Amino acid sequence: MSSLPSTMKAVSFAQIGGPDVLQYTESQPLPKLQDGEILVRNNFAGVNYIDTYFRSGLYPASYPLIPGQEAAGTVAKIQGNNPLGFKEGDRVVWIKQGGYAEYTAVPADRAIKIPQGVSDEDAVGGFLMGMTALSLIKEAYPVKKGETILVHAAAGGMGLLLCQLLSDMGCTVIGTAGGPEKCALAKENGATHVIDYKATGGPTWVEQVLKLTNGEGVDCTYDGVGKDTYEGSMEVAKRKSKVVYFGNASGAIPPINIARLTAKNLSIMRSTLMGYITTRPELEYYANSVLDLIKAGKLKIKIHKVYPLSEAKQAHIDLEGRKTTGKLLLKC
Ligand code: NDP
């Protein structure tokens with residue numbers, strides 16, 4: 001084992017707030033390993049919208065917190081029995097907490113070996129989001145070939161993956177996105193129709209979706225935008241269909257009166273990836289499915305930008321400012 005430093009680069013916050021609360025340091029003590037954990041020398045960490053929810057206080061946490069739910073890198077140390085057979089030097093991608101750092105102590109059962117032929121950037125770029133996209137279309141609402149599906153923020157990290165997967169399944173994909181460039185990108189990634197929901201002066205996005213579906217509505221909507229779109233998502237739902245809410249990019253959805261579902265026998269749900277990858281077999285199923293799709297070239301990972309770890313704050317500003325498309329990474 002090569003000798004490990006005693007301190008590392010990391011980004012953390014001690015109080016909730018805007019991007020300014022993110023503090024970069026080069027003197028963070030290395031995490032101490034518990035039994036069953038591996039120490040990963042992170043190469044790239046993924047930036048996810050959930051990192052901003054912890055930072056803003058929308059989601060509770062203990063502080064100080066090193067944010068970051070995922071990273072790809074190499075195993076630097078192993079503690080305990082090691083039933084999964086990791087070796088120092090193995091390339092892994094993991095999901096937990098603490099990715100905005102050079103090193104993270106990760107429960108071994110939350111790490112997956114990266115297959116040869118898949119880069120660290122693609123592995124982490126498609127990991128949490130790819131697993132989420134697959135869980136949405138396989139479990140939250142099991143999509144069937146030929147259905148018409150609405151995807152909000154279709155040029156975002158989640159949106160581009162959903163567009164690709166749904167169009168490969170033979171669905172009609174209606175995307176919404178803010179601005180002509182984002183609309184074009186969503187189309188390149190498989191959306192059949194894209195509506196610029198920021199455009200003013202013409203019909204609303206709800207009217208446009210209804211027109212595209214001859215007034216019937218869509219079979220399912222995947223809504224990660226939340227507050228600004230949740231009402232419209234119910235309006236464009238077909239009779240007996242489902243709306244899957246999975247995020248709060250524009251803010252949290254207020255309580256919904258269940259009586260609103262009656263008119264169309266509508267189902268709604270709020271899904272989270274973690275509830276689909278709780279067990280090791282579940283994680284392996286989704287993780288290996290995503291990595292296989294990437295390796296086969298069937299899922300393309302669009303990296304918006306790789307930011308130095310010291311610029312995590314800028315990454316949050318850009319993501320929350322709706323300035324990005326695809327996935328944001330930090331170089332650790
Ligand atoms: P995106 O790359 O999609 O960025 C968010 C996008 O949302 C923006 O680019 C913007 O696109 C759109 N948006 C609409 N209104 C706003 C607003 N008021 N403020 C900011 N953005 C807005 O992010 P991610 O791909 O990282 O995440 C998308 C959603 O998926 C998030 O809600 C996230 O929490 C959720 N998610 C949920 C998971 C789960 O397990 N439930 C797992 C992973 C992600 P435009 O300009 O086109 O409107």
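Q: Helices (H or I, at least four residues) and strands (E, at least two) are DSSP runs, numbered from the N terminus. With that in hand, in which loop of this model is Ala 153 found?
A: Just so you know, this is a predicted model. Ala 153 is worth a look since its phi is positive, near 50°, and the residue is not a glycine. To place Ala 153, look for strand E8 (148-151) and then for H4; the residue is found in the loop between E8 and H4.

Q: And where along the chain is Pro 64 found?
A: Start with its neighbour: Tyr 63 and Pro 64 are joined by a cis peptide bond, with omega at about 0°. As for its place, Pro 64 is found in the loop between H1 and strand E4 (70-78).

Q: Where does the ligand lie relative to domain 1 and domain 2?
A: As for pockets, the ligand sits in the largest one. Domain 1 (7-126 + 302-331) gives residues to the shell around the ligand, and domain 2 (129-274) does too, so the ligand lies between them.

Q: Which helix gives the most to the shell around the ligand?
A: Four helices each supply at least two residues of that shell: H1 (49-56), H3 (127-140), H4 (157-168) and H9 (312-320). The one that gives the most, with three residues, is H3.

Q: How many residues of the shell around the ligand are charged?
A: There are 29 residues around the ligand, and Tyr 53, Lys 182, Tyr 197, Gly 224 and Leu 273 come nearest. Sorted by type, the shell has 13 nonpolar residues and eleven polar ones, while the charged ones number five.

Q: How much of the ligand's accessible area does the protein cover?
A: Let's look at some backbone contacts before getting to the area. A polar backbone atom of Gly 178 is 2.8 Å from an oxygen atom of the ligand, and a nitrogen atom of the ligand is 3.0 Å from a polar backbone atom of Phe 246. Leu 273 has a backbone N or O atom 2.7 Å from an oxygen atom of the ligand. On its own, the ligand has 900 Å² of accessible area, and the share covered by the protein is 91%.

Methods:
Residues are numbered from 1 along each chain as its sequence is written. This is a predicted model: local features need pLDDT of at least 70, side-chain atom pairs count only at pLDDT 80 or more; totals for chains, interfaces and linings use all residues. Side-chain values use heavy atoms; hydrogens and water are left out. A residue is near a molecule or strand if one of its heavy atoms lies within 4 Å of it. A polar contact is a pair of N or O atoms within 3.5 Å; within protein, one must be able to donate a hydrogen and the other to accept it, and residues adjacent in sequence count only if both atoms are side-chain atoms. Accessible areas come from the Shrake-Rupley method with a 1.4 Å probe; for residues, only the protein chains shown count as cover. On a 1 Å grid over the protein atoms alone, a cavity is a set of points where a 1.4 Å probe fits but cannot get out, and a pocket is an open set with protein on both sides within 12 Å along at least five of seven lines; lining residues have an atom within 4 Å of a point. A molecule sits in a cavity or pocket if more than half of its atoms lie within 2 Å of its grid points. Ala, Val, Leu, Ile, Met, Phe, Trp, Tyr, Cys and Pro count as nonpolar, Asp, Glu, Lys and Arg as charged, and the others, Gly among them, as polar. Domain bounds come from an automatic or database domain assignment.
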